[in-house]
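Here is a short, friendly tour of a model and the way some of its helices sit. Have the viewer ready and follow along.

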Amino acid sequence: GAQSPADPLRSRRSALEATVSGGVEKGKWHREEAEAAELHWAAARALARLPLEWVLLVVSAALTEQQVLLLGDSVSSVADVVLSVIPLLRPFGYESVLLPVLPLEMLELLEAPVPFIVGCVLETGVRVFNRDLIAVDVSSRGGAEPYYLDEVATPIPPLPQQEALVAALEPHHEALRQLVRAPPPGEEEGEGELLQAVAAFLGVLRGHLCTIAARVAAHRITEQGSDVTIFLQSSLLASAEESEKSFFSLFVQAQCFEQFFQISLRS
């Protein structure tokens with residue numbers, strides 16, 4: 001029968017996985033390095049698949065602890081997007097439920113009143129009773145706009161200064177998508193350019209998130225002669241632009257905020 005067209009990014013990822021596996025066996029790679037390389041490839045596939053605005057929606061949803069259901073037609077289409085959350089959020093970490101693929105027989109977990117980002121492979125429509133989550137179609141056919149199961153649900157807020165972030169990320173996002181659509185000749189050259197494009201995108205995003213972290217960190221006081229640090233939430237919200245207040249009010253209640261600033265606010 002007819003064979004489906006080859007996925008250049010998938011073949012390059014397989015080659016890297018073999019390199020990583022061999023390196024681990026020979027002691028050339030630390031476990032953390034191997035994991036980081038795999039997450040970068042997951043991010044590459046996710047970024048090539050999704051419009052930039054959808055990527056930033058997932059980032060904001062993760063930072064504000066929303067419930068997100070990623071619907072795809074294959075394990076890779078959903079797992080790569082879910083796993084990409086880890087490098088996309090740095091310097092923050094995701095402290096809630098992160099499931100690359102949720103089996104159909106476990107859909108009742110979507111009713112849990114906790115934040116999550118979950119991937120699910122759906123070939124037919126499945127009724128979900130949780131009206132608070134947002135669904136994103138990450139299938140190869142490219143779905144409609146992300147949609148809320150409840151039309152009156154509170155929208156996921158944009159990131160602070162998102163328009164400027166989009167302008168800074170667009171060239172890197174487009175370069176990455178071009179590399180996937182038309183990879184350069186030579187396997188090693190293609191791998192190198194793709195990883196550079198992913199690193200450039202993640203570097204710009206991380207710089208923006210570090211700026212957000214610095215803005216929040218500025219609203220703290222430490223008692224003289226004491227190691228007790230107090231975060232002034234009302235001061236932060238008063239200084240934020242009107243379009244940013246929704247994000248910050250949710251972000252400062254999130255576990256990723258608490259975990260990050262347990263260390264950084266005391267440093």
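A residue counts as buried when its relative accessible area is under 20%. Keep in mind that this is a predicted model.

**Helix 4**

With that cut-off in hand, we can start at residues 75-88, which form helix 4. Its 14 residues span 20 Å from the first C-alpha to the last, close to the 20 Å expected at 1.5 Å a residue. Is helix 4 largely enclosed or not enclosed by the rest of the structure? Eleven of the 14 residues are buried, so helix 4 is largely enclosed by the rest of the structure. Among the buried residues are Ser76, Val78, Val82, Pro87 and Leu88.

Asp80 also belongs to helix 4. Its relative accessible area is 3%, and because that value is under 20%, Asp80 is buried. What does the side chain of Asp80 contact? It makes a polar contact with the side chain of Arg45, at 2.7 Å.

**Helix 3 and helix 5**

Two packed helices are described by the angle between their axes and the distance between the axes. The axes of helix 3 and helix 5 come within 10 Å and cross at roughly 125 degrees. The two helices are therefore oblique to each other, and their crossing is right-handed.

The table lists the residues on each side of this contact.

| Helix | Residue range | Residues in contact |
|---|---|---|
| Helix 3 | residues 52-63 | Leu52, Glu53, Leu56 |
| Helix 5 | residues 162-181 | Gln162, Leu165, Val166, Leu169, Glu170, His173 |

How values were computed. Residues numbered from 1 in each chain as written. Predicted model: local features only at pLDDT ≥ 70, side-chain atom pairs only at ≥ 80, totals over all residues. Heavy atoms only, no water. Helix = DSSP H or I, 4+ residues; strand = E, 2+ residues; numbered from the N terminus. Expected span 1.5 Å × (residues − 1). Buried < 20%, exposed > 50% of the residue type's maximum accessible area, 1.4 Å probe, protein only. Polar contact = N/O pair within 3.5 Å; in protein donor to acceptor, adjacent residues only side chain to side chain. Axes fitted to C-alpha atoms, helices over the stretch in contact; angles between N-to-C directions. Parallel < 35°, antiparallel > 145°, perpendicular 65-115°, else oblique. Left-handed = near helix turned anticlockwise from the far one by under 90°. Contact = heavy atoms within 4.5 Å.
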